[in-house]
Amino acid sequence: MSPSPVPVRPHPATVDFGRPTLVTRGPRWSLRLDVRTAVSCAVFLLLTLAAVVATLAYGTYGIPLPDVVQALLGEGSAGTRTVVVEWRLPRALLAVLLGAALAVSGAIFQSVTRNPLGSPDIVGFSSGSYTGALVVMLLTGGGYYQVAAGSLAGGILTAFVVFVLAYRRGAAQGFRLIIVGIAISAMLGAFNTWLVLRADIEEAMLSAVWGAGSLNSLGYDQLWPVLALLALLIPPALACGPALRRLELGDDAAAALGTRTEAVRLVLVVLGVALIALVTAAAGPIAFIALAAPQIARRITRGSSVALLPSAVLGAFLLVLADLAGQRLFAPVQLPVGIVTVSIGGLYLVWLLVREARRT
């Protein structure tokens with residue numbers, strides 16, 4: 001009788017050289033870290049930090065980099081600290097946070113729809129959030145938190161309508177959802193225009209500027225609520241990352257792997273809409289970061305699916321860079337960051353549409 005084979009316990013840390021991957025295991029947990037993804041995230045973080053420093057240093061009143069560092073450490077002249085810490089720092093941090101929120105929201109919906117065009121600004125969720133915020137601003141005259149609540153309600157209601165209309169044969173099919181979302185977005189765009197036209201001239205001008213998507217005049221009063229809400233929304237979104245990847249395999253495969261598909265999809269949709277609504281309430285609708293960042297990150301990391309963390313870091317970098325370009329390209333005139341992202345994102349959308357057409 002031959003002895004039974006002895007099971008071999010894997011080493012706590014191994015590296016797969018087919019695609020460099022670090023796997024660390026404990027008694028009840030396992031962490032798989034793709035080396036290329038980790039390096040890409042580190043590079044994105046360094047680029048974001050460099051863009052933030054450039055935002056703090058360059059402007060109508062230029063400040064040398066050593067003085068910027070001193071101001072951040074609480075040293076230097078009072079005037080320099082005021083410009084760097086009080087005026088420029090909250091805007092730069094908001095660009096980082098809102099860019100990450102946009103990218104995570106875009107990654108969620110692109111994975112749920114299994115389509116690179118399934119971005120919240122394409123399928124109408126951004127328009128719904130904008131409509132909800134406009135209704136509160138123009139019809140009730142609500143403050144910041146009321147506008148945020150209206151933006152969230154508008155986004156969730158729009159998502160519900162889009163998913164109901166796209167529902168067919170037991171599921172909301174990706175391509176059908178995108179087509180329905182584009183139609184709903186066009187209808188909401190017309191309604192938003194009507195709201196602005198019927199408003200008083202001052203309210204109309206304020207809503208038009210806000211509707212372009214701008215970080216101008218934002219400070220710590222907006223930074224702290226955004227930071228607190230993102231601290232509540234981003235961790236559960238990242239925790240749903242493995243389930244999101246299983247959903248990309250299809251509902252049957254995901255269910256076979258133990259995923260409660262409908263419950264997970266509902267949670268992800270609510271999180272994605274909440275993220276886009278938060279951005280809309282804070283800075284207005286900022287287009288194309290949610291569309292472009294996840295796909296660019298996926299191509300750089302060479303991943304088989306859209307990953308949330310690389311998308312978030314790249315989205316932060318893209319929005320900081322776009323805001324810096326809006327401030328300096330036509331100085332002393334400052335362009336709303338939404339105009340810059342639309343200009344660049346429109347070219348990306350054309351390229352993406354051509355690429356998808358060639359694949360079909």
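These legends accompany a set of close-up views of a predicted model.

**Figure 1. The whole chain, before we zoom in.**
Let's start with the overall picture of this predicted structure. The protein chain contains 14 helices and five strands. Of its 360 residues, 49% are buried. Among contacts with a separation of 6 or more, 70% join residues that are 24 or more positions apart. The chain exposes about 18400 Å², and carbon and sulfur atoms supply 68% of that area.

**Figure 2. A salt bridge between R91 and D323.**
Searching the whole structure turns up one salt bridge. Here the side chains of R91 and D323 come together, with an N to O distance of 2.8 Å. R91 belongs to helix α3 (residues 78-113) and D323 to helix α13 (residues 308-328), so this pair ties together parts that are 232 residues apart in sequence. How accessible are the two partners, buried or exposed? Both R91 and D323 are buried.

**Figure 3. Helices α1 and α2 where they pack.**
A handy way to read this view is that two packed helices are described by the angle between their axes and the distance between the axes. Helix α1 (residues 35-57) packs against helix α2 (residues 65-72) at an angle of about 95°, and their axes are 10 Å apart. Angles from 65 to 115 degrees count as roughly perpendicular, so α1 is roughly perpendicular to α2. Which residues meet here? From α1 come V53, L56 and A57, and from α2 come L65, V68 and L72.

**Figure 4. Aromatic rings, with F191 and W194 in the centre of the view.**
The structure has four aromatic pairs. In the one shown here, the ring centres of F191 and W194 are 5.8 Å apart and the ring planes meet at 25°; because planes under 30 degrees apart count as stacked, this pair is stacked. Both residues sit in helix α6 (residues 174-198), where they are three residues apart, or about one turn of the helix. F191 has a relative accessibility of 34%, so it counts as partly exposed. W194 is also partly exposed, at a relative accessible area of 49%. While you are looking at rings, find F109, F125 and F163 as well: ring pairs link these three into a cluster.

**Figure 5. S127 and its contacts from farther along the chain.**
S127 is part of helix α4 (residues 125-140). Is this serine buried or exposed? Its relative accessibility is 16%, and since buried means under 20%, S127 counts as buried. Setting aside neighbours within four places in sequence, S127 is in contact with S185, L188 and N192.

**Figure 6. I296 in helix α12.**
Next comes I296, which has its place in helix α12 (residues 289-301). The relative accessible area of I296 is 28%, making this residue partly exposed. Which residues does I296 touch once its neighbours within four places in sequence are left aside? The contacts are L314 and Y348. For a sense of the backbone here, the C-alpha atoms of I296 and V306 are 9.5 Å apart, while the two residues are ten apart along the chain.

**Figure 7. Two loop residues with positive phi, S217 and F288.**
This view pairs two residues for their backbone angles. S217 has a phi near 70°, a positive value in a residue other than glycine. The loop that holds S217 runs between α7 (201-211) and α8 (220-239). With a relative accessible area of 76%, S217 is exposed. F288, likewise a residue other than glycine, has a positive phi near 75°. F288 is found in the loop between α11 (261-283) and α12. The relative accessibility of F288 is 14%, so F288 counts as buried.

**Figure 8. R245 and A307.**
Our last view looks at R245, a residue of helix α9 (residues 241-247). R245 is partly exposed, and its relative accessible area is 44%. How far is the C-alpha atom of R245 from that of A307? The two C-alpha atoms are separated by 8.4 Å, with the residues 62 apart along the chain.

Note on methods: Residues numbered from 1 in each chain as written. Predicted model: local features only at pLDDT ≥ 70, side-chain atom pairs only at ≥ 80, totals over all residues. Heavy atoms only, no water. Helix = DSSP H or I, 4+ residues; strand = E, 2+ residues; numbered from the N terminus. Buried < 20%, exposed > 50% of the residue type's maximum accessible area, 1.4 Å probe, protein only. Contact = heavy atoms within 4.5 Å. Areas by Shrake-Rupley, 256 points an atom, 1.4 Å probe, with all protein chains shown as cover. Phe/Tyr/Trp six-rings, centres within 6.5 Å; stacked < 30°, edge-to-face > 60°. Salt bridge = Lys/Arg side-chain N within 4 Å of Asp/Glu carboxyl O. Axes fitted to C-alpha atoms, helices over the stretch in contact; angles between N-to-C directions. Parallel < 35°, antiparallel > 145°, perpendicular 65-115°, else oblique.
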